[in-house]
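Ready for a few short exercises on reading a protein model? Have the sequence and the 3D view open, and try each task before you read its solution.

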Amino acid sequence: MARWPAPPPPPPPPPPLAAPPSPPGASAKGPPARKLLFMCTLSLSVTYLCYSLLGGSGSLQFPLALQEPPGAAAQPPPSPPPPPPPPSRPPPAAAAAARPGAPSPPPDNASRGEPPATPERTSQPGPDGWGLASGGGVVVVRDPWFRNPGEAMAAPGAPPDRDASPESSTAAAEEQQQQQQQQLAGRRAANESGAERGGAVPASTPDYGEKKLPQALIIGVKKGGTRALLEAIRVHPDVRAVGVEPHFFDRNYEKGLEWYRNVMPKTVEGQLTMEKTPSYFVTSEAPKRIHSMAKDIKLIVVVRNPVTRAISDYTQTLSKKPEIPTFEVLAFKNRTLGLIDASWSAIRIGIYALHLENWLQYFPLSQILFVSGERLIVDPAGEMAKVQDFLGLKRVVTEKHFYFNKTKGFPCLKKPEDSSAPRCLGKSKGRTHPRIDPDVIHRLKKFYKPFNRMFYQMTGQDFQWEQEEGDK
């Protein structure tokens, strides 16, 4: 029996299909996720390299995100940000790059030559207030003008250096103080030069300097010419005086020296503070009170013929109170007997020797200057020269500052080399005296004569009031 030939062996299985060729430089193994991560890392590296090249040579050594300001090397460097997580789904461009024959992805910003966009990062202000990183893992992109750690250009409107040494601060304060002193000295020199040229310096209180207690006082007497003297001495650039009468040592003493100081004008170094209150001379408590404030203070007394002074005093009161009795009635206790009423203030003030005796108990005669009210009218420059010498001042107020007003009957202040009208005292000065009975005037002369002679002896000056009256 014939045998059938054995069946041929089955054909071998076909070989498995070969994997598509991988792109050059790519790993032949690994899942798609790792390939995607590799591509992202490569793209970021190229981007950072281009950004560093555009930023300058300093940025290659010190990345901008990690540069610290000078003096911050001791602080720990901020930790780098974690790498971005891989996307859950590959982008179309990466998938296309993985397929053979697929078109290459579009070039990034670096390949086109455009600068990369700076990512927005949260910055927290450091302790210096500039927004620089001060630790804590916060990454801050610094301004482009801070290229290198040792190359810091000052930004416009930057605050002053807070690390300035105390020596520099002290030097700046001393320089500012010197500038202020020079400015004050310049103002004072300007005032003095103006006065030397003949310009009357305004007596208003300046807005600089400090208030001090007075070093000189015009203490009397009422209706003797104290206002004229005050206005004349205020022309001097080294004198500052109160315009009104403070009446501190006779009416306002209980308010204290601090109140008195605040009344004074402001002065600078080298200037003299003054005030005038004529009633001090006849106030019994005034010498002791003034002595307790300043033992070396300088006192000025303007005296006038006591008879003329009494009539002027009455004229002032009459202008305010027209209903008062006549001068003859007020001056006598008994006119028939010729008894003068010395208790009347207009008469009592003229007994100069009586009041001076009280002042000499506290002050030597060398600290008191007696100015003649009569000579202050006929020769104001001569009397002002004595006043300036007594106060230790340069003779600035001279004859060129005065102009005699025939209507008023006394000189007025003027500005030399100036066409402006002279400045005279107010309407309350230079009033016309009422007519007084000559017999009353004669009796008053006899009353004051012994007191006047005593006053001449005490002061060492002869004011010649008797010769002036024709009663020798």
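Three exercises follow, and the model they use is a predicted one.

**Exercise 1.** Find where Phe248 sits and decide whether Phe248 is buried or exposed.

Solution. Start with the chain: Phe248 belongs to the loop between β3 (239-241) and α6 (257-263). Next, take the relative accessibility, which is 0% for Phe248. Buried means under 20%, so Phe248 counts as buried. Now look at the surroundings. Leaving aside residues up to four places away in sequence, Phe248 touches Tyr253, Gly256, Leu257, Trp259, Tyr260 and Tyr280. Finally, pick out Tyr280: this residue is 32 residues from Phe248 along the chain, yet their C-alpha atoms are separated by 9.0 Å.

**Exercise 2.** Work out how the buried residues of helix α7 (residues 286-293) are arranged around its axis, and what covers them.

Solution. First list the buried residues of α7: Ala286, Pro287, Ile290 and Met293. Then look down the axis of α7: these buried residues fall within an arc of 125°, so they line one face of the helix. Turn to the face pointing away from the buried side, and you meet the exposed residues Lys288 and Ser292. Last, check the cover over the buried residues of α7, which includes β2 (216-220), α6, β6 (298-303) and α11 (352-359).

**Exercise 3.** Place Met39 and say which surface patch Met39 helps to make.

Solution. Begin with helix α1 (residues 32-55), where Met39 lies. With 43% relative accessibility, Met39 counts as partly exposed. Together with Phe38, Leu42 and Val46, Met39 makes a nonpolar surface patch of about 370 Å².

Note on methods: Residues numbered from 1 in each chain as written. Predicted model: local features only at pLDDT ≥ 70, side-chain atom pairs only at ≥ 80, totals over all residues. Heavy atoms only, no water. Helix = DSSP H or I, 4+ residues; strand = E, 2+ residues; numbered from the N terminus. Buried < 20%, exposed > 50% of the residue type's maximum accessible area, 1.4 Å probe, protein only. Contact = heavy atoms within 4.5 Å. Patch = residues over 30% accessible without salt bridge, like charges linked within 9 Å, V, L, I, M, F, W, Y side chains within 5 Å. Areas by Shrake-Rupley, 256 points an atom, 1.4 Å probe, with all protein chains shown as cover. Salt bridge = Lys/Arg side-chain N within 4 Å of Asp/Glu carboxyl O. Arc of directions from axis to C-beta.
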